[in-house]
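Please open the structure in a viewer and keep the sequence panel visible beside it. The tour below proceeds by selections, each followed by a description of what is found there.

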Amino acid sequence: MANSHGPITGAQGVGKQVSECVFVGIGSNLGRSASNIKAVADELGRFATGKVGCSSLWRSEPVGLAKGAAPFVNAVVCFDCSMTPVQLLQGLQEMEVRYGRSPNPLREGYESRTMDLDILSFGQRILAGQPLTLPHPRAWQRLFVLLPLQELAPEFRFPGRDESLQQLISVAPGIQIELLSEQPGQPG
Ligand code: ADP
Ligand code: MG
């Protein structure tokens with residue numbers, strides 16, 4: 001039977017990699033957000049064993065940021081991945097920096113950012129701790145994740161949670177959010 005947690009090591013599968021379905025949330029409220037998100041979605045192909053699926057782009061009001069912060073552009077992508085979760089996290093963090101994010105170790109709470117890439121879920125894995133928590137600890141409460149996710153995978157359920165996306169959406173804290181461009185996101 002296939003091992004769903006990394007390379008197969010049994011006699012049948014020496015050297016074969018098993019891919020797991022990964023969902024990544026993308027957010028940006030600084031710079032050329034829409035075109036950068038589109039570029040990132042394309043570039044994520046190098047972590048994928050197949051095609052990258054991308055939701056529409058959504059525009060959401062900034063939550064938990066200082067007054068006057070620019071609205072966010074958000075999307076969710078999914079792809080099959082044969083890396084480990086930590087390898088993927090490192091790859092995403094390298095992309096965040098390359099797309100202009102400067103880490104601020106002194107920050108408290110949320111801040112504006114050119115690119116934020118969060119692993120929403122990685123197969124059925126459940127992890128708690130450093131450097132990674134899976135599924136992402138706050139994603140299930142965020143409309144700017146749930147709405148694009150519902151577009152992409154309406155039957156998705158967060159590993160370890162029973163609720164459907166529709167149920168999570170109906171109880172998530174209300175925010176202003178609207179469709180910015182139909183899938184696939186157009187540069188802007
Ligand atoms: P947030 O996305 O909540 O605003 P950051 O992007 O600044 O916060 O992430 C801070 C840290 O969150 C990262 O250094 C990373 O190690 C950790 N982290 C924990 N779980 C995840 C996850 N599922 N996806 C991405 N980062 C995560
Ligand atoms: Mg993040």
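## First selection: Val22

Select Val22 and display its surroundings: apart from neighbours within four places in sequence, Val22 is in contact with Cys78, Phe79, Cys81, Leu88, Ile119 and Phe122. The model on display is a predicted one.

Now widen the selection to the largest nonpolar core, which has 39 residues. Val22 is among the residues with the most contacts inside this core, together with Val24, Ala75, Val76 and Val77. Two or more residues of the core come from each of strand 1, helix 1 (33-43), strand 3, strand 4, strand 5, helix 3 and helix 4. Strand 4 makes the greatest contribution, with 8 residues.

## The whole chain

Return to the full view and colour the chain by secondary structure. There are 4 helices and 6 strands, and along the sequence they follow the pattern β-α-β-β-β-α-β-α-α-β. The chain has 188 residues, of which 31% count as buried. Among contacts with a separation of 6 or more, 70% join residues 24 or more positions apart.

## Strand 4 and its partners

Select strand 4 (72-81). Is this strand enclosed or open? Because 9 of its 10 residues are buried, strand 4 is largely enclosed by the rest of the structure.

Three pairings can be followed from here:

- Strand 1 (20-28) pairs with strand 4 in the antiparallel sense over 9 bridges; Gly25 stands opposite Val76 of strand 4.
- Strand 2 (53-54) runs antiparallel to strand 4 and is joined to it by 2 bridges; Gly53 stands opposite Cys78.
- Strand 3 (57-60) also runs antiparallel to strand 4, with 3 bridges between them; Arg59 stands opposite Val73.

Keep Arg59 selected and add strand 6 (177-181). Strand 3 and strand 6 pair in the antiparallel sense over 4 bridges, and the partner of Arg59 in strand 6 is Glu178. Arg59 therefore has a bridge partner in strand 6, Glu178, as well as Val73 opposite it in strand 4.## Glu20

Move to Glu20, which is found in strand 1. Is Glu20 buried or exposed? Glu20 counts as buried because it has 22 C-beta neighbours inside 10 Å. Add Pro85 to the selection: Glu20 and Pro85 lie 65 residues apart in sequence, and their C-alpha atoms are 9.9 Å apart in space.

## Helix 1

Select helix 1 and pick out its buried residues, which are Ser33, Ile37, Lys38, Val40 and Ala41. Turn the view to look down the axis of helix 1: these residues fall within an arc of 165°, so they line one face of the helix. An α-helix has 3.6 residues a turn, so residues three or four places apart point the same way. To see what covers the buried residues of helix 1, display strand 1, strand 2, strand 3, strand 4 and helix 2 (85-98), which are included in the cover.

## Helix 3

Next, select helix 3, residues 143-152. Helix 3 is largely enclosed by the rest of the structure, because 7 of its 10 residues are buried. The buried residues are Leu143, Phe144, Val145, Leu146, Leu147, Pro148 and Leu149. What covers them includes strand 1, strand 3, strand 4, strand 5 (116-122), helix 4 (165-171) and strand 6.

## Two cis peptide bonds

Step back along the sequence to the loop between strand 5 and helix 3, where Pro131 is found. The peptide bond from Gln130 to Pro131 is cis, with omega near -5°. Pro135 lies in the loop between strand 5 and helix 3 as well. The bond from Leu134 to Pro135 is also cis, with omega near -10°.

## Ligand 1

Finally, select ligand 1 and show the residues around it. Which residues are these? The shell consists of Leu89, Tyr110, Asp116, Asp118, Ile119, Pro131, Leu132, Thr133, Leu134 and His136. Strand 5 supplies the largest share, 3 residues. By type, the shell divides into 6 nonpolar, 2 polar and 2 charged residues.

Two residues met earlier can be picked out again here. Ile119, a contact of Val22, belongs to the shell around ligand 1. Pro131, which follows a cis peptide bond from Gln130, is another residue around ligand 1.

Notes:
Residues are numbered from 1 along each chain as its sequence is written. Chains are lettered from A and ligands numbered from 1 in the order in which they are written. This is a predicted model: local features need pLDDT of at least 70, side-chain atom pairs count only at pLDDT 80 or more; totals for chains, interfaces and linings use all residues. A residue is buried if 20 or more other C-beta atoms lie within 10 Å of its own, exposed if 12 or fewer, and partly exposed in between; C-beta atoms are placed from the backbone. Two residues are in contact if their C-beta atoms, placed from the backbone, lie within 7 Å. A nonpolar core is a set of buried Ala, Val, Leu, Ile, Met, Phe, Trp, Tyr and Cys residues joined through C-beta atoms within 7 Å. A residue is near a molecule or strand if its C-beta atom, placed from the backbone, lies within 6 Å of it. Ala, Val, Leu, Ile, Met, Phe, Trp, Tyr, Cys and Pro count as nonpolar, Asp, Glu, Lys and Arg as charged, and the others, Gly among them, as polar. The arc is that of the directions from the helix axis to the C-beta atoms. Two strands pair if DSSP finds at least two bridges between them.
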